[in-house]
Amino acid sequence: VGEGGKLYGSITAQDIADALAAQGHQVDRRRIELEHPIKTVGHHTVAVRLHSEVHAEVRVSVVAE
């Protein structure tokens with residue numbers, strides 16, 4: 001993490017899918033609706049399309065290591 005809480009890389013839909021899988025929730029990365037990769041530390045709300053009529057929101061916390 002650089003100055004101002006900006007990441008050197010970014011958090012992608014695949015990263016979120018992997019984190020969900022580690023918690024026992026299998027979600028295809030294509031179902032995670034990110035308008036753009038996450039590039040800052042903090043809390044972000046991400047939409048997940050579970051079914052054509054079922055949408056959920058996941059709160060993603062990005063912290064510096």
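Trainee: Among the contacts in the protein with a separation of 6 or more, what share comes from residues 24 or more positions apart?

Mentor: Those residues account for 26% of them, where a contact means heavy atoms within 4.5 Å. Keep in mind that this is a predicted model, in which local features need pLDDT of at least 70, side-chain atom pairs count only at pLDDT 80 or more, and totals for chains, interfaces and linings use all residues. Residues are numbered from 1 along each chain as its sequence is written, and side-chain values use heavy atoms, with hydrogens and water left out.

Trainee: Which secondary structure does the protein have?

Mentor: The protein has one helix and five strands, in the pattern β-α-β-β-β-β along the sequence. These are DSSP runs numbered from the N terminus: helices are H or I with at least four residues, strands are E with at least two.

Trainee: What makes E4 and E5 a pair?

Mentor: Two strands pair if DSSP finds at least two bridges between them. Strand E4 (residues 42-51) and strand E5 (residues 54-62) are joined by nine bridges and run antiparallel, so the condition of at least two is met. Gly42 stands opposite Val62 in E5, and His44 stands opposite Val60. With two residues between them, E4 and E5 form a hairpin.

Trainee: How many bridges join E2 to E4?

Mentor: Two bridges join these antiparallel strands, and because at least two are required, E2 and E4 also count as a pair. The result is an open sheet of three strands in the order E2-E4-E5, with antiparallel pairing.

Trainee: Why are E2 and E5 called edge strands?

Mentor: Strand E2 (32-33) and E5 each pair on one side only.

Trainee: Let me follow a row across the sheet. Which residue in E4 is the bridge partner of Glu33?

Mentor: That is Ala47, whose own bridge partner in E5 is Glu57. Glu57 and Glu33 are 24 residues apart in sequence and 9.7 Å apart in space, C-alpha to C-alpha.

Trainee: How do you know whether Glu57 is buried or exposed?

Mentor: Buried means under 20% relative accessible area, exposed over 50%, and partly exposed in between, using a 1.4 Å probe and protein chains only. Glu57 has 65% relative accessibility, which is why Glu57 counts as exposed. Leaving out residues up to four places away in sequence, Glu57 touches Thr45 and Val46.

Trainee: And His44 in strand E4: why is that residue given its label?

Mentor: His44 comes to 19% relative accessibility, so His44 counts as buried. Beyond residues up to four places away in sequence, His44 touches Ile38, Val58, Arg59, Val60 and Val62.

Trainee: What lies 3.0 Å from a polar atom of the His44 side chain?

Mentor: The backbone oxygen of Thr40 does.

Trainee: What share of the protein counts as buried?

Mentor: Buried residues make up 20% of the 65 residues. Along its principal axes, the C-alpha trace spans about 40 × 25 × 15 Å.

Trainee: How far apart are the mean positions of the positive and negative charges?

Mentor: They are 4 Å apart, for 7 positive and 9 negative charges. Lys and Arg count as positive, Asp and Glu as negative, while His and the chain ends are not counted; therefore His44 adds nothing to either total. Each charge is placed at NZ of Lys, CZ of Arg, CG of Asp or CD of Glu.

Terms used
Polar contact = N/O pair within 3.5 Å; in protein donor to acceptor, adjacent residues only side chain to side chain.
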